[in-house]
Amino acid sequence: MTCATDAPTTVPNLWTTNFRFYFGARTTSLLGDAMLPVALSVGVLKAGYGATGVGYALGSWTAALALCMLFGGVLADRFTARRMMIVADLVRFVIQAGMAALFALGQPSLLVIVALQFVSGVATALFQPGVASLVPQVSGDIQRGNGVLRVAESMAGVLGPALAGVLVTMSGPSVVFAIYSATYAISAVCLSALRLTPATVVSDISFLGQLAEGWQEFRARAWLWSVITIFLFYGCFVVGMSLPIAAELVTSELGSTGLGIGMAALGLGGALGGTVAIRVRGGRPLTLGSIGWALFAVYPLVPALHPNLVELAVGWAVAGTGLAFWSVIWATTVQTQIPSELLNRVYAYDVAGSLVCMALGRSLAGPLASVTGERPLMVFACVLGLTCAALLLAVPATRRLVIPATSASNTG
């Protein structure tokens, strides 16, 4: 492990014009994404559809994202990531502006809300693969760029729900959806302003052929499928399963205010983790990243120990630090190890698998908790999280993966 102070004195300029525009695109859309659950939940509840309606509305977006992610990766490699991201932003701008109009005019039907959010999820699946492949094109220091973006994402996760809560209380969900739609318009303008080297687009391979090629490249890298295989358990039983159970435990003991403070601490920890990842470099990135998995295992453990408010905030801040640190290390590893012409498709397999296992974990949380009890289940999640972190060190393909010292600081 090395720190930035050990690096060469010549540091690439991160804040180029391209990176500024990309940073603007990501921060605005991330802020909007963080506002969506609050606006959608309040809007659906006020329309009289209850918690079941909220589940359908949020679930339709997630389902569309998971179902279409692989196709989004192929389209991004086929037509360039930036083009697909701009199209996705414009579609989401129209969809969420429509949501704002519907709530302003009265009570929209649940079917219409679910259908619109499904289309928004499809558009997000077109957008998301490009998030990985554009960073090497706009950043002279890939790991530093990922770290800065992760800090921005964490802060948006803290500010977005709070801002949405205030606006919903003062003006209703239509205003929040109007602001939400505007964030996508800003993102599309910023992405359009990027000046990138023209990409070589391969069009002589069929759509299904490109999809299969992405799978073959995924399978060919033992370190990649090893991490994803381990994460199937980590994402399901540590991340996915912990979220609803932890929220219920904290709310029952510390109330909704306690949960809000805990989630804010998680977000602030994420900002700290992104900052640390900017400074800390390692020749064996997945070995280094295992620290992040181990730290996040604190997340399910803390609510099981009857914490007071300070203990909850500290514990979840540590967990947020670990999660953000891993996210930056993992993104940098994928971006520096996968050829640019394949990156969108390989990244899509990664995201699709993560979404599915975390959704499965949420669905299993209630039934498993009814059998084992909530607190024993959270202790199990912590132990499994630490075990998965140890597996990253035990599997030779992940432990021995080496990134040359210059890879994290070139343009890919």
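Visitor: Thr183 sits in helix 7; is its side chain environment buried or exposed, going by relative accessibility?
Guide: Thr183 belongs to helix 7, residues 173–192; helices (H or I, at least four residues) and strands (E, at least two) are DSSP runs, numbered from the N terminus. Buried means under 20% relative accessible area, exposed over 50%, and partly exposed in between, with a 1.4 Å probe and protein chains only. Thr183 has 7% relative accessibility, so the residue counts as buried.

Visitor: What pLDDT do local features need in this model?
Guide: Residues are numbered from 1 along each chain as its sequence is written, and side-chain values use heavy atoms, without hydrogens and water. The model is predicted: totals for chains, interfaces and linings use all residues, side-chain atom pairs count only at pLDDT 80 or more, and local features need pLDDT of at least 70.

Visitor: Which backbone oxygen does the side chain of Thr183 reach?
Guide: Beyond its neighbours within four places in sequence, Thr183 is in contact (heavy atoms within 4.5 Å) with Thr28, Ser29 and Gly32. At 2.5 Å, its side chain reaches the backbone oxygen of Tyr180.

Visitor: Which residues does Ala123 contact, leaving aside its neighbours within four places in sequence?
Guide: Ala123 is found in helix 4, residues 110–127, and is buried, with a relative accessible area of 3%. Outside its sequence neighbours within four places, Ala123 is in contact with Ala88, Val91 and Arg92.

Visitor: Which helix gives the most to the largest nonpolar core?
Guide: A nonpolar core is a set of buried Ala, Val, Leu, Ile, Met, Phe, Trp, Tyr and Cys residues joined through side-chain atoms within 4.5 Å. The largest has 40 residues, and Trp223, Tyr234 and Ile338 are among those with the most contacts inside it. Several helices each supply at least two residues of this core, including helix 8 (207–220), helix 10 (242–279) and helix 13 (309–337). With 10 residues, the one that gives the most is helix 9.

Visitor: How many disulfides does the structure hold?
Guide: A disulfide is counted where two cysteine sulfur atoms lie within 2.5 Å. The sulfur of Cys357 is 6.6 Å from the closest cysteine sulfur, in Cys236, and is therefore too far for a bond. Both residues are buried, Cys236 with a relative accessible area of 3% and Cys357 with 4%. The number of disulfides is zero.

Visitor: How far apart are the end C-alpha atoms of helix 11?
Guide: The buried residues of helix 11, among them Pro285, Leu288, Trp293 and Phe296, pack against elements including helix 9, helix 12 and helix 15. The expected span of a helix is 1.5 Å times one less than its number of residues. For the 12 residues of helix 11 this should be 16 Å, which agrees with the distance between its end C-alpha atoms, 17 Å.

Visitor: At which residue does helix 14 bend?
Guide: Helix 14 has 33 residues and reaches 46 Å from first to last C-alpha, close to the expected 48 Å. The bend at a residue is the angle between axes fitted to the seven residues ending there and the seven starting there. In helix 14 the bend is about 40 degrees; Pro367 follows within four residues of the bending position, which is Ala365.

Visitor: What phi does Gly373 take?
Guide: Gly373 comes just after helix 14. Its phi is positive, at about 95 degrees.

Technical notes:
A polar contact is a pair of N or O atoms within 3.5 Å; within protein, one must be able to donate a hydrogen and the other to accept it, and residues adjacent in sequence count only if both atoms are side-chain atoms.
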